[in-house]
Amino acid sequence: MKILLIYPPFCSPSSMPHSISYIKSYLSQSFDIKIKCLDLNAKFNKSRFKEIYSQKYSSEVLTEFDKISRPVYAHNNKLVIQKKSPELFEEMLTLIKKESPDLVAFSLVYNSQCFYTQALIEELKRLNIPTLIGGPAVNHNIYNLSTFLVDEHQFAEYLEKNFNLTRTIPKEVIPDFSDYNPNDYLTKEIVIPLRTSHSCYYKQCSFCTHHQSQNYREVPLELIKKTIIKSGYKNVSFFDDMISKKRLLELAEILKPLKVKWWCQLRPSKELLGSFKILYDSGLRSISWGVESGNQRILDLMCKGTNVEDISKVLKESHEVKIKNLVFIIIGFPTETKEELMDSIHFVEKNFNYIDLISTSRFGLQRGSKVFLNPKEYGITEIKEKSRTILDDQITYKVKSGMTPEEVKKYHHRYLRSFVKVNKIPKIYNYFKEQTILL
Ligand code: SF4
């Protein structure tokens, strides 16, 4: 029996996928079967944007790629909605058929992967090749297309039940990146994605659903070390939504002797003060910070558990040891006033010297978040959901005070320059954040 694990188009082709690399390792140890990972996203991008891949890596090339790939992705998504084949469809299908799989499983991490996946699943159905789907981007529209499995455990149970296979319990699940061709990726050097934990130990931020209310559990440090050594790569992006100070220091200890460079995402809380030198010495070169706002009332409403003054101290100390600071700001949290938005701009200006790159986004109401579940507490008077063909329902809302969603859009556009003028590195790296460790 052979299973093909697919990472479908479209998302940034800068990094090998973690999800299917992990599943491959888990299933290979559970069953005596053949399993292969196929990164169709990287294959599509390399084939469709040959002229970009043939150029020497630079921020200009990444910028050009971003400019020309966006309309191509949008056009292809439209084709799928119109029930037409997207570009390179036969080529992608040939890559699947070449493997003669008995079962094809798709991992959907980003919403933008839903469209091409739909077209592939429909075609595989016609060819009588069974399919499975999983991942955080599976929505109720995609859910109806194929059998949905929550995680690797359900996957193993499914194989046991439907293919009469005998299962053994895996000992060491180490993501396996060996099926990918490094030349398929748009990067100067390969940066492997790893997680140090599942879910988030903090889970308080009122806008967030990333942790999906799951229990926090840590990946054993020894496994992280073995994964890096086995991969043979020297750059790592830890994509956990958040890592605690205790865990960061433990990581630093195992990473220092490996001589790797690494990136991670953190909440700028004062507990981190005093640890940046140790982290830099272990290879930490760039951090994406969930700063979110420069106004204390908004930070408190978001339940960030951070303080504007402490955030400045954290950014300063991180900068002083030469770690790059990438800062996220959310604009238009419900009830935020224009004056409070100006506080975020003033915060960024005040901390100009310590910020390398700013990423701003407008607040989006997420189903299942504290704000969605308790709208009145956040001044939301009405929530509307509009169904879409392939993506999940579009959520809109009205607020009783502060900027309206229309004003948020207007001011975001108007004040974007005030934010991005602090950038010291090209803004394209907001879409290739992990590559900032290579700069
Ligand atoms: S925003 Fe980050 S720190 Fe806050 S709950 Fe979500 S994952 Fe955790």
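Which residues surround the ligand? In this predicted model, the ligand has around it Cys200, Tyr202, Lys203, Gln204, Cys205, Phe207, Cys208, His211, Asp241 and Met242. Sorted by character, this shell holds 6 nonpolar, 2 polar and 2 charged residues. Keep that stretch of sequence in mind as we step back to the whole chain.

The chain is built from 16 helices and 15 strands. Its C-alpha atoms fill a box of roughly 60 × 50 × 45 Å along the principal axes. A compact globule with 439 residues would have a radius of gyration near 22 Å, and the chain has 22 Å, so the two agree. Of those 439 residues, 55% count as buried. If you look at contacts with a separation of 6 or more, 75% of them in this chain come from residues 24 or more positions apart.

Now let us go inside. In soluble globular proteins, nonpolar side chains tend to be buried together. Here, the largest nonpolar core has 78 residues, and Phe155, Phe238 and Trp262 are those with the most contacts inside it. This core draws at least three residues from each of domain 1 (2-163) and domain 2 (188-438). Apart from it lies another core, of 49 residues, which includes Leu40, Val61, Ile142 and Val191.

Phe238 is a good place to pause. Setting aside residues up to four places away in sequence, Phe238 touches Leu194, Thr196, Ile224, Ile243, Leu251, Leu255, Trp262, Trp263, Cys264 and Gln265. Two of these partners, Leu251 and Leu255, lead us to helix 10 (residues 245-255), where they are buried along with Arg247, Leu248, Ala252 and Ile254. An α-helix has 3.6 residues a turn, so residues three or four places apart point the same way. What do the buried residues of helix 10 pack against? Their partners are strand 8 (217-218), helix 9 (221-231), strand 9 (235-238), strand 10 (261-266) and helix 11 (276-281).

For a last stop, find Gln118 in helix 6 (residues 114-126). Is Gln118 buried or exposed? Its relative accessible area is 9%, and because buried means under 20%, Gln118 counts as buried. Beyond its neighbours within four places in sequence, Gln118 is in contact with Val80, Lys83, Ile142, Leu145 and Ile390. One of these contacts, Ile142, also appeared above, as a member of the core of 49 residues.

Conventions. Residues numbered from 1 in each chain as written. Predicted model: local features only at pLDDT ≥ 70, side-chain atom pairs only at ≥ 80, totals over all residues. Heavy atoms only, no water. Core = buried A, V, L, I, M, F, W, Y, C linked by side-chain atoms within 4.5 Å. Buried < 20%, exposed > 50% of the residue type's maximum accessible area, 1.4 Å probe, protein only. Domains from an automatic or database assignment. Contact = heavy atoms within 4.5 Å. Near = heavy atom within 4 Å. Nonpolar A, V, L, I, M, F, W, Y, C, P; charged D, E, K, R; others polar. Helix = DSSP H or I, 4+ residues; strand = E, 2+ residues; numbered from the N terminus. Rg over C-alpha atoms; globule rule 2.2 N^0.38 Å.
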